[in-house]
Each structure stands twice: as structure tokens, then as C-alpha cells.
Amino acid sequence: MLPLALPTHHPHLRPASRPPPPGCSPPARAARPRLLRRRSSYALAFTRAQPPRAESVETETSTAAATSSSSSILSFLCPLLKFFGGGDPSQERNDIVEAATSSLSSLARLPWGSSVATSSGENVSTATSAPILQLYEFEACPFCRRVREALTELDLSAEVYPCPKGSMRHRDVVRKIGGKEQFPLLVDASTGVTMYESGDIVKYLFRQYGEGKRPSFGLLESTIFTGWVPTLLRAGRGMTFWGKADAVPAEKLELFSFENNSYARFVREALCELELPYVLQNVGEGPRRWICC
């Protein structure tokens, strides 16, 4: 017979812990370190999952709400105004009605977009030549109108690319440039700045090219109150692409006007419905800043 080997004692090995009998709880020492580890992991997870600041949340929420509300209103007004507007823009119109509605539209936005703003005497602009601005917009949009009014007050010219509903060319360009279909969109080729949001665009233009000028009192705030009046009175003119438009001139047209001129509005509406790009030369009342070549 083979002799039985006695078990070797290994001091670094401990016997496996046996589960406690039914009805008995484990010792407190064994549970305490696990409890501490869980609490520390909870604290770490809470630290990593801190919510964003309330200021940034409020800013993002208000901006998104304003953008969505304006888009929803325009989406509702487009078919309604197109129905009451008579449809085909090439048909003959009543001159008296056209002049009356456009004059009332100008009266509603008076005095914004009529004259060049006066300087405050503080020169904050470093521009020495006329900037190269590109504006993607459509005539009936009240927020696009706000930017055009600012261009008049600053005596700035811009390349305008109309983007009416049903646009064939320029709306695709806007999506490629900015990643979304939102208006207005400003591209400042002189500084490389591209931006949405009409309020931010107006502030940027005055800060960059204002030479100490400030927007006229109520220019930014009045849009939500009277900015819709020209859109409603003009029955959505300058909002929808005219399906029969197909010819595009080899060179951009050039329009000398100022935003709140009641007769220039007719021309801008037609250019928008035809989706014809043009160079807008502002000639508001007051001293000229840039000399057109």
C-alpha cells in the first residue's frame, strides 16, 4: 500500500469563505469596504455627470425656440399668403393696391432702413475698403429684412442671393455652406466669417464696420412686432419661387436702393421670385461712406 501524504501548509493561501448559514448576515467588516467603494463610485459618477450651466441652457433654449417658432410661422403663412396673393406674379396687378400696401409697409417699418446711421465718434472699425458681403435671404422674411435695414444704416453693399420657397439653386448652396437651411445667412468674404441668426448678424456688422455707430433705437426689438407687417400687407410677395423662371443673366444685376423705399420693394420682390442674384447698392439718406466704382 502507498503511504498517505499529509497536506502541505501554505501560509499565503486562505481557505475559501463559506456562505453564511440561512438566517445569518455576513460580518460587518466584510461589507464595510464594499460599501465605501460603492459610495466613491457614486460620487465619481455624479462629478462626471454634472449638468451644464443654467446660462448656456437658457441661451440655447431661447435661440432654438425663436428659430423654431419663426420657421413654423413662415411655414403656416407661405401657402396662405400665396393663396391670397393671386399666385402667378407675372399677371398684371392693380397699381393703386400695390402702391398702397407697399407704402403702408414702409410706414410700419419707419424709420428703420431709410437713412445712414450717425457715428458716435468712437472709431472701432479697421476696415479701409468696402467689404465683400454675401447675403442669402428672401424678401418676405422679417428677419432677413432686419439685416437689410442694418445694411442701409451702415451704407454697406452686398451680393444678395435670393432663396425663395421652392428655390432651385441658392438653397442648396446655403445647406452646403452652413449645414442647414436657415435664413438669413451672411458670408463675409473679407474676414472669413459665416453666420446665421439675424440679431447676431446685425451686431456683427455694426461691430465690424460701424465705426462707433449703433443700430437705430428699436431696430432689433421691433422685428417681432412690426417686422411681419410688410409680409402680411404684401400678401407674401417675394416669398415663393416662380416656376416659369429659368433664365439667369451672365453677370449679376445691380440695384441702387434703400430697404424702406416702397418702390424698390417691388423690384426686390421680383428678383426674389425669379431667384436672380444681384448686387445691392444702398443709397440711404445721409453721407455716403463707400464710393461705388
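Here is a short conversation about helix α9, its surroundings and some backbone features of this predicted model.

Reader: Let's start with the helix. What makes α9 largely enclosed by the rest of the structure?

Author: Helix α9 covers residues 264-273, and seven of its ten residues are buried, so the helix is largely enclosed. The buried ones are Ala-264, Arg-265, Arg-268, Glu-269, Leu-271, Cys-272 and Glu-273. They pack against the helices α3 and α4 and the strands β2, β5 and β6.

Reader: Glu-259 caught my eye too. Why is Glu-259 called buried?

Author: Its relative accessible area is 3%, and buried means under 20%, so Glu-259 counts as buried. You will find Glu-259 in the loop between β5 and α9. Its contacts include Arg-265 and Arg-268, and both of these arginines are among the buried residues of α9.

Reader: What makes the pair of Glu-259 and Arg-148 a polar contact?

Author: The two side chains come to 2.7 Å, and the cut-off for a pair of N or O atoms is within 3.5 Å. The value therefore meets the distance limit. Among the other residues that Glu-259 touches are Gly-113, Glu-139, Arg-145 and Asn-282.

Reader: Now the cysteines. How do you know that Cys-163 and Cys-272 form no disulfide?

Author: Their sulfurs are 7.8 Å apart, too far for a bond. A disulfide needs the two sulfur atoms within 2.5 Å, so this pair does not qualify. The structure holds zero disulfides.

Reader: Are these two cysteines buried or exposed?

Author: Cys-163 has 0% relative accessibility and counts as buried. Cys-272, at 1%, is buried as well.

Reader: Let's turn to the strands. Why is β2 described as largely enclosed?

Author: Four of the five residues of β2 are buried, so the rest of the structure largely encloses this strand.

Reader: How do you know that β2 pairs with β1 and with β6?

Author: Pairing asks for at least two bridges. β1 and β2 have four, in the parallel sense, and three bridges join β2 to β6, which run antiparallel. Both cases therefore satisfy the criterion. As examples, Tyr-136 has Tyr-161 in β2 as its bridge partner, while Glu-159 is partnered by Val-279 in β6.

Reader: Some backbone angles look unusual. What makes Glu-197 and Ala-235 stand out?

Author: Most residues other than glycine have a negative phi. Glu-197 has a positive phi near 70°, and Ala-235 has a positive phi near 55°. Glu-197 sits in the loop between β4 and α6, whereas Ala-235 is in the loop between α8 and β5. Glu-275, just after α9, also takes a positive phi, of about 55°.

Reader: Why is Glu-197 called partly exposed?

Author: Its relative accessible area is 25%. Buried is under 20% and exposed is over 50%, so Glu-197 falls in between and is partly exposed.

Reader: Finally, which peptide bonds are cis?

Author: One joins Leu-110 and Pro-111, with omega about 10°. Another runs from Phe-183 to Pro-184, with omega near 5°. Pro-111 lies in the loop between α3 and β1, and Pro-184 is found in the loop between α5 and β3. For comparison, most peptide bonds are trans.

Terms used:
Residues numbered from 1 in each chain as written. Predicted model: local features only at pLDDT ≥ 70, side-chain atom pairs only at ≥ 80, totals over all residues. Heavy atoms only, no water. Buried < 20%, exposed > 50% of the residue type's maximum accessible area, 1.4 Å probe, protein only. Helix = DSSP H or I, 4+ residues; strand = E, 2+ residues; numbered from the N terminus. Contact = heavy atoms within 4.5 Å. Polar contact = N/O pair within 3.5 Å; in protein donor to acceptor, adjacent residues only side chain to side chain. Lists of a residue's contacts leave out its neighbours within four places in sequence.
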